[in-house]
Amino acid sequence: MSRSSALLLLLAVLLLATAVVSLGLGAVRIPVPRVIAALGNGGGDVSGGAAGSEGEALDRTIVRELRLPRLLLAILVGAGLGGSGAAYQGLFRNPLADPFVIGASSGAALGAVFAILAGGNQARAGFQLLPVSAFLGALAAVALVYALGGLGARSSPTTLLLAGAAVSTVLGAAVSLLMILKDQSLPVIFGWLLGGLSDGSWRELRSGAGPILFGLLCIRLLARPLDALSLGDETARSLGLSVGSRLAIIGAATLTTAAGVSVAGVIGFVGLMAPHGARWLLGPQHSRLIPGSCLLGALLLLAADDLARTVAIPREIPVSIVTSLLGGPFFLYLLRSRHLGEGP
């Protein structure tokens with residue numbers, strides 16, 4: 001077994017172990033043996049206490065119906081953000097790019113807000129419309145940023161970041177305007193924009209699983225074009241990379257991002273941190289980088305959600321606050337490091 005395969009296997013095992021522990025965390029703490037029992041067919045009482053069948057039934061309800069779908073949703077969305085972040089960084093040849101920084105999340109948010117308003121005040125309004133609207137919004141935002149900051153021989157990471165910041169600011173202002181004009185939907189929109197997994201259920205999992213997994217599969221199949229792009233535009237053209245490959249990468253990464261936003265709201269910086277960790281562990285080759293980014297993104301979001309659920313019991317912090325507190329300093333560190341490395 002190669003070193004990269006061993007590291008990927010280790011990350012998968014670590015994710016599995018973290019998932020089992022996570023199922024026991026919350027307002028009601030459940031020990032790992034009881035979690036494993038609750039996931040089994042019988043959910044037997046391994047503690048030997050007097051609670052008997054009532055305790056077993058309570059464990060099964062908490063673990064299977066409340067925590068398991070939320071956990072799987074965190075893994076799914078985290079993997080999607082990590083994989084799409086790796087794709088965006090490869091496409092733009094910019095290690096500072098991620099779905100949040102380049103405006104994809106903001107565009108998806110604006111599209112999703114339109115869908116929520118079209119569906120009324122329901123907590124998950126526009127069940128069918130929301131993913132489509134989020135995808136179109138994210139695609140338009142990425143296309144605009146790509147046109148403003150990602151094209152031309154003189155394009156630079158700074159240009160891309162400025163374009164992403166400008167587009168995100170405009171889209172954020174549009175979302176705020178809609179919230180003011182439609183104040184009756186303000187609690188629903190505001191709660192959703194904070195980003196979180198507190199409403200995660202089997203319904204959200206079914207809604208997001210298809211597009212996220214399809215998008216990740218497409219990104220993985222586009223690993224070789226991403227490797228070619230990392231060598232520069234001229235090299236990529238000499239290797240026969242077509243415009244269609246670029247569009248396919250944009251479409252796959254944007255679909256994955258939009259699907260994650262549609263079921264979990266706006267969660268920033270996972271797509272920035274996970275690819276950097278994977279690149280440090282596995283190297284720049286995208287055939288290894290993409291699955292590594294997915295595993296690290298899932299692990300990061302799952303750990304952040306655990307912290308959000310347990311740090312202020314009985315209150316719950318939106319997971320986007322945790323990821324922003326982690327990702328903001330990390331982004332500034334990367335920006336400072338690149339600035340120092342570029343010289344005067």
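**Exercises on a predicted all-helix chain**

Asp 305 has a relative accessible area of 2% and therefore counts as buried (buried means under 20% relative accessible area, exposed over 50%, partly exposed in between, with a 1.4 Å probe and protein chains only). The model is predicted, so local features need pLDDT of at least 70 and side-chain atom pairs count only at pLDDT 80 or more, while totals for chains, interfaces and linings use all residues. Residues are numbered from 1 along each chain as its sequence is written, and side-chain values use heavy atoms, with hydrogens and water left out.

**Exercise 1. Describe the salt bridges of Asp 305.**

*Solution.*
- Step 1. Apply the criterion: a side-chain nitrogen of Lys or Arg within 4 Å of a carboxyl oxygen of Asp or Glu.
- Step 2. Asp 305 pairs with Arg 70 at an N to O distance of 2.8 Å. This pair joins distant parts of the chain, with Asp 305 in helix H13 (residues 286-310) and Arg 70 in helix H3, 235 residues apart. Both Asp 305 and Arg 70 are buried.
- Step 3. Asp 305 also meets Arg 309, here at 3.6 Å from N to O. Because Asp 305 and Arg 309 are 4 residues apart in helix H13, about one helical turn separates them. Arg 309 has 12% relative accessibility and so counts as buried.
- Step 4. Place these pairs in context: a network of salt bridges links Arg 70, Asp 305, Asp 306, Arg 309 and Glu 316. The structure holds 5 salt bridges.

**Exercise 2. Determine which residue forms a salt bridge with Arg 34, and compare the burial classes of the partners.**

*Solution.*
- Step 1. The partner is Asp 59, with the closest N and O atoms 3.0 Å apart. Arg 34 lies in helix H2 and Asp 59 in helix H3 (residues 52-92), 25 residues apart, so the pair links distant parts of the chain.
- Step 2. Arg 34 is partly exposed at 24% relative accessibility, whereas Asp 59 is buried at 9%.
- Step 3. Turn to helix H2 (residues 32-39), in which Val 35, Ala 37 and Ala 38 are buried. Seen down the axis of H2, the buried residues fall within an arc of 165°, so they line one face of the helix (the arc is that of the directions from the helix axis to the C-beta atoms).

**Exercise 3. Check the span of helix H12 (residues 270-282) against expectation.**

*Solution.*
- Step 1. Helices (H or I, at least four residues) and strands (E, at least two) are DSSP runs, numbered from the N terminus.
- Step 2. The expected span is 1.5 Å times one less than the number of residues. For the 13 residues of H12 this gives 18 Å, and the end C-alpha atoms are 18 Å apart, which agrees.
- Step 3. Buried residues of H12 include Met 273, Pro 275 and His 276. Just after H12, Gly 283 takes a positive phi of about 90°.

**Exercise 4. Summarise the chain as a whole.**

*Solution.*
- Step 1. The chain has 14 helices and 0 strands.
- Step 2. Of its 344 residues, 49% count as buried.
- Step 3. With contact meaning heavy atoms within 4.5 Å, residues 24 or more positions apart account for 75% of the contacts with a separation of 6 or more.
- Step 4. As a local case, Ser 106 in helix H4 (residues 104-119) is in contact with Ser 168 and Leu 171, leaving aside neighbours within four places in sequence.
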